[in-house]
Amino acid sequence: MPGFEIFGDEERRQVQDVLDTGVLFRYGFEGARKGHWKAKTFEQELSHRLGVSCCHLCASGTAALSIALAACGVGAGDEVIVPPFTFVATVESVLLAGAVPVFGEIDETLCLAADGLADKVTERTRAVLPVHMCGAMARIDAIAEFCRANDLLLIEDACQSLGATYRGKAAGTFGQMGCFSFDPVKTITCGEGGAVVSDDERLYRAADAFADHGHDHIGSDRGKEGHAILGTNFRISELNAAVGLAQLRKLDKILDIQRRHRDRIKAAMADLDGLRFRKIPDEAGDSATFLSFLLPGEAQARQAARALNDAGADGCFYWYDNNWHYFRRWDHLKGLCCAAPLPAARYGQCPDYGAVELPRSDAVMARTVSMQIKLGWAEAELDQRAETVKRVLTQVLG
Ligand SMILES: Cc1ncc(COP(=O)(O)O)c(C=O)c1O
């Protein structure tokens, strides 16, 4: 995902502001910082953009997930329903919170399926954590309704889907908290960074404190601040926030280009017999970082990804064989391989992940290919790519 493709003077100027003041810390130093509050400004602008009242900018998307779980009170003894198609960070954050990830199935949205959630609920279930994968959203209205009806927390992992919406409402704003990543390969980047957003001031306060050793951030003397809770350091630096601020202001431009490029490639694939596009509950809200499609069978999908890359249409991913985005190849999770004993494993609460079967998800992922959409494609490159995609897929489907 492409924020890094369009670095320019805007990022340089923002970073220079910070270097000129010498204040790299996001809190305090009011006099020295000469009015430059990069993290705070980012938080205000992202809240406004997403239509939420609160945002906390932090060190990474992974940190955002840990912060959200902690702020929502999810921890030891709790179960959290997660999808098997995500980045493993979603699952790690649940385990490291002391809770137990329980895998739901995905559907052709490539996200957690709303139907079937009921089968995964036990008396320990505390939260549902859907992941809006590859730039587009889950059936979030149905998932939110399920959570409301079953008194479960809804925490959205929108790390890959900044700019995606469902009926005009932003990804990450449907539940108690939403999480974003601004790592080097996300729609916009801070270098490393993440954010939690919420409309609940109480959860925001807990998040803001947890991410900075429990500091309540009241007053202007850090040494005198109160600490209602224990926390950790998931802070972002002003340098990273400065890069992100310049990038955030380019988000509309990024989305416009992505959507135009996606449309061009998609049009070239429109008449291919046997090919289906990923289901997107609200097409208008697709952020279009990827164009994902399903082939009739596993062999064809594997062949399509290989043939597209070989023919020069690079950035085509076959996730089913990939060992960092899909459950099937997470051998380290299946073996619960960890640097230190996990609380849930220590107390025998984890299922045998090696024995977990997800036939519905396998059936979708085995047939799915996702093509990365880049910002930098020139018109001629785009034409060439559209022609290559059509030719290669016609052969594969032939
Ligand atoms: C779905 C998802 N969740 C969480 C993360 C973690 O974000 P970060 O790399 O900023 O820690 C990622 C990053 O790739 C992701 O794709």
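This report walks through the ligand site, one sheet and the cysteines of a predicted model.

## Around the ligand

Let's start with the ligand. It has 16 residues around it, and the closest are Gly61, Thr62, Ser181, Asp183 and Lys186. Sorted by class, the shell has eight polar, five nonpolar and three charged residues.

Some side chains come with distances. Ser181 has a side-chain N or O atom 2.7 Å from an oxygen atom of the ligand, and for Gln160 the distance from such an atom to a ligand oxygen is 2.9 Å. Asp157 puts a polar side-chain atom 2.8 Å from a ligand nitrogen. On its own the ligand would expose 390 Å², and the protein buries 91% of that. Two elements, α3 (61-71) and α4 (89-96), each give two or more residues to the shell; α3 gives the most, with three.

## A four-stranded sheet

Next up is an open sheet with antiparallel pairing, its four strands running in the order β10-β11-β13-β12. At the edges sit β10 (276-277) and β12 (316-317), each pairing on one side only.

Strands β11 (residues 290-294) and β13 (residues 368-372) are joined by five bridges. Across this pair, Leu291 stands opposite Met371 of β13.

## Cysteines without partners

How many disulfides does the structure hold? Zero. Take Cys72: its sulfur is too far for a bond, because the closest cysteine sulfur, in Cys179, is 8.4 Å away. Cys134 isn't in a disulfide either, with its nearest cysteine sulfur, that of Cys111, 8.0 Å off.

Are these two buried or exposed? Cys72 is buried at 8% relative accessible area, and Cys134 is buried too, at 0%.

Note on methods: Residues numbered from 1 in each chain as written. Predicted model: local features only at pLDDT ≥ 70, side-chain atom pairs only at ≥ 80, totals over all residues. Heavy atoms only, no water. Disulfide = S-S within 2.5 Å. Buried < 20%, exposed > 50% of the residue type's maximum accessible area, 1.4 Å probe, protein only. Pairing = 2+ DSSP bridges. Near = heavy atom within 4 Å. Polar contact = N/O pair within 3.5 Å; in protein donor to acceptor, adjacent residues only side chain to side chain. Areas by Shrake-Rupley, 256 points an atom, 1.4 Å probe, with all protein chains shown as cover. Nonpolar A, V, L, I, M, F, W, Y, C, P; charged D, E, K, R; others polar.
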